[in-house]
Amino acid sequence: MTTTIVGYPRIGEKRELKFATQKYFKKAISADELQAKGKELRAKHWATIKNAGIDEIPSNDFSFFDQTLDAATLLNIVPKRYKDLGLSPLDEYFALARGYQGPAGDVKALAMKKWFNTNYHYLVPEFDKDTDIKLVGAKIFDQFVEAQSEGITTRPVIVGPYTLLRLGRFLDGRQPAEFTAALITAYTEIAQRLSELGAKWLQIDEPALVYDQSASELGLFTELYAGILAGKGDLKILVQTYFGDVRDSLETLVGLNFDGIGLDFVEGRTNLEVLDQVKFPADKTLFAGVINGKNIWKAHYAKVLSTLTGIKKHTDAPIVLSTSCSLQHVPYTLRNETKLAADEKQYLAFAEEKLTELHELDQIDKTDLNNPLYTENVALFSKPRYEEDKALNAKIAALKPEDYTRLPERKERLRIQAEKFNLPILPTTTIGSFPQSPAVRKNRSQLRKGEITKEQYDAFNEAETRRWIKFQEEIGLDVLVHGEFERNDMVEYFGEHLNGFRFTQNAWVQSYGTRAVKPPIIWGDVSRREPITVAASVYAQSQTDHIMKGMLTGPVTILNWSFPREDISRELSTKQIALALQDEVLDLEKHGIKIIQIDEAALREKLPLRKSDWFSKYLDWAVPAFRLVASKVQPETQIHTHMCYSEFGDIIKAIDDLDADVISFEASRGELTLLDDLQASHFETHVGPGVYDIHSPRVPSIDEIKDVIHKILAKVPADHVWVNPDCGLKTREEPETKASLINLTEATRQVRQELADEN
């Protein structure tokens, strides 16, 4: 069979793209130098894929920030406020992604949301009265020609028009149908120009097809592609789906003039059943996503070949072996992991290793099951990888409904807490972390390298904590945080204190733009080995008379932001983590921490893409897992949680059912549209909708923040509102952080005075 991949990591083996881009932001390198680094990385990635024996290689999967933003800028979907800045194309691109504050003007970044059910973030395209869709960019063509110069004829990739419309934000009363004609013209021109350049295939990514599809939505898809495919000429078009199945759209896909259809057989296991119902024609090519593009476990060849056998039963079409989705969601290579034990590394496969798996599966398919590549793989999976914690799993099996219920009810708890804390109206706080400065990172690095003692490391962090406590007191924040200077990552840090986790040195995965995360691996059963946050929280509280929040990462987020196990259910794994965190919460309470924030930033992220699966396959166990963590605390202890960069409106009732006392949301990039959902659902949890965007370096003015607070108060009672930034401040620089928080507290003070004057 032919082999290919949907896409490849672009950040570089050692995060070269991240560091180069950050240098450009700081004006330490020029635009030409940044472009040169991008070209260098692309050449290396294409060579890596080719040398691994992969037959068809994608291009234009490289991006300086986000592939959805790339498609939007290629097609002139750039709001007027950014064009009016008069910046260079590259700087305009980054203004869309990060916002801009400088001599040319002051604009916020585009809204940013999670890319389907991943921890990757995309920039939301905006369609308004000024939108004039037309082909204006050249990136997709330039990178195809660039690969040709390296001796490789690639398959260019672009986000499809249907997905752009499904993910887009429509303003000025505009509707998706108003843009179909222009999109057809633009994508047809892309196809024709690529064909002229010598391309044989164009891959158009349409992951939005794995959502539930209505008749009108399928009609929109059909209209778009009937037009585009009519003008494709000799160029072959692959429509690529991933992250789920196409149960309600495969019949539409096979009825259109696509040359290839890409299906995910990992997350979209139902696609096998769909093939049984809809005949896949022999004159189209089936790109079979059988290697997991989102997890890091080595493929079990017997299971993959069983899936391929099932596919072959349903079609005589040519089959191309592929990944389930782009490999941008896994780390670059295992080669740089020198501290993982060899007997553990043999179970893992990162992006480079998944290329090898595709090639090996192709070799096995061309021979027989006596191939050593197959027999060695089967032998690996025939032996146990870890020892089960039977006592822990028995404890979970014995849990009762009351173990998930906190008493008294929230309304009574909030009354008790209000009397105890005596906080002002519109209490102010932050989400948890403060900037991880070069000095903070150096301190951690020196400890890791053995250059300083643990006592020296702790002394530095305590000094940094005191410094930021003093700042918070000076500007008048009401509920303080210790800054989390001891934490490398909000998930990895917890995993390091829990049984059942493994950690990597260089397994970075892009989260958004220049932000990369290094998810830990859930290796076996999870339990708490030792206190995690108690010492730092207790120390911070001893340094102030203000309330100091304890800060934890919630069980669902720890699961979702780790590489999860595949041998047990996510539900069981999450309950294990929840019980470990319950021990931590009770320890914090015992040591006098009065407010405990249990972040569930990723709750919405793994919501099934099909609404019919939301509760039965996820929320019915994810919500109780959070409740389990806090179910035993006293009424006087206030439980906060935090969520960010997702669409929460459709699960607002489930979020209220978490039974937290206070929840802070990312809201500013979404223009506070969440407030309407809170109002409509009679949301009971007290809320802190973020009043400014922390993923942008711009500093919001006092008046800007006041305006946001007034918008919040128009929808939510004042005694239910907290004031806080959108998210943690770990990734920001210190000057902008301090300036923003000074403006936040002053804006809140002024609004409080206005409320007092009204009364």
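This passage walks through two sheets, some helices, a cavity and a few unusual backbone spots in a predicted model. Because the model is predicted, local features need pLDDT of at least 70 and side-chain atom pairs count only at pLDDT 80 or more, while totals for chains, interfaces and linings use all residues. Residues are numbered from 1 along each chain as its sequence is written, and side-chain values use heavy atoms, with hydrogens and water left out.

Let's start with the sheets. Helices (H or I, at least four residues) and strands (E, at least two) are DSSP runs, numbered from the N terminus, and two strands pair if DSSP finds at least two bridges between them. One open sheet has eight strands in the order E1-E14-E13-E12-E11-E10-E8-E2, with parallel pairing. Strand E1 (2-3) and strand E2 (58-59) sit at its edges with a single partner strand each, so one side of each has no neighbour in the sheet. Further in, strand E10 (residues 201-205) and strand E11 (residues 236-240) are parallel and share five bridges; there, Ile204 has Val239 in E11 as its bridge partner. Helix H6 lies across E2, E8 and E10 and runs at about 160° to E8. For angles like this one, axes are lines fitted to C-alpha atoms, for helices over the stretch in contact, and the angles run from 0 to 180 degrees between N-to-C directions. Contact itself means heavy atoms within 4.5 Å.

A second open sheet has six strands in the order E15-E20-E21-E22-E23-E24, again with parallel pairing. Its edge strands are E15 (479-480) and E24 (686-689), and each pairs on one side only. Helix H17 (residues 410-421) packs on this sheet, touching E20, E21, strand E22 (638-643) and E24, and its direction makes about 105° with that of E22. Strand E20 (residues 547-553) runs parallel to strand E21 (residues 595-599), and five bridges join them; Thr553, for one, is bridged to Asp599 in E21. Strand E23 (residues 662-665) pairs with E24 in the parallel sense over four bridges, and Ser664 has Gly688 of E24 as its partner.

In a regular strand the side chains alternate between the two faces of the sheet. In E24 both faces are covered: His686 and Gly688 on one side, and Val687 and Pro689 on the other, are all buried. Here buried means under 20% relative accessible area, exposed means over 50%, and partly exposed is in between (1.4 Å probe, protein chains only).

Some helices also have buried residues. In helix H18 (residues 438-448), Val440, Asn443, Arg444 and Ser445 are buried, and the buried residues of H18 pack against helix H19 (454-475). H18 is followed by Gly450, with a positive phi near 75°. Over in helix H24 (residues 615-630) sits Leu628, which counts as buried because its relative accessible area is 0%. Beyond its neighbours within four places in sequence, Leu628 is in contact with Leu399, Asp403, Tyr404, Lys575, Ala578, Leu579 and Gln582.

Next come the empty spaces. On a 1 Å grid over the protein atoms alone, a cavity is a set of points where a 1.4 Å probe fits but cannot get out, and lining residues have an atom within 4 Å of a point. Grid points are joined across faces, edges and corners, and a volume is the space filled by probe spheres set on the points. The count is seven cavities of 30 Å³ or more, and the largest holds about 230 Å³ of space. Its lining has 21 residues, of which Asp61, Gln67, Val157, Val159 and Asp205 lie nearest the centre. Helix H3 (67-74), helix H6 (139-149) and strand E8 (155-159) each give two or more residues to this lining, with H3 giving the most, four.

Finally, a few backbone oddities. Most residues other than glycine have a negative phi, and most peptide bonds are trans. The bond from Leu407 to Pro408, however, is cis, with omega near -5°; Pro408 is in the loop between helix H16 (390-397) and H17. Asp172 has a positive phi near 55° and lies in the loop between strand E9 (169-170) and helix H8 (180-197). With a relative accessible area of 44%, Asp172 is partly exposed. His682 also has a positive phi, about 55°, and is found in the loop between helix H26 (674-680) and E24. His682 counts as exposed because its relative accessibility is 66%.

Terms used. 1 Å grid on protein atoms, 1.4 Å probe; cavity = no way out; pocket = protein on both sides within 12 Å on 5 of 7 lines; lining within 4 Å.
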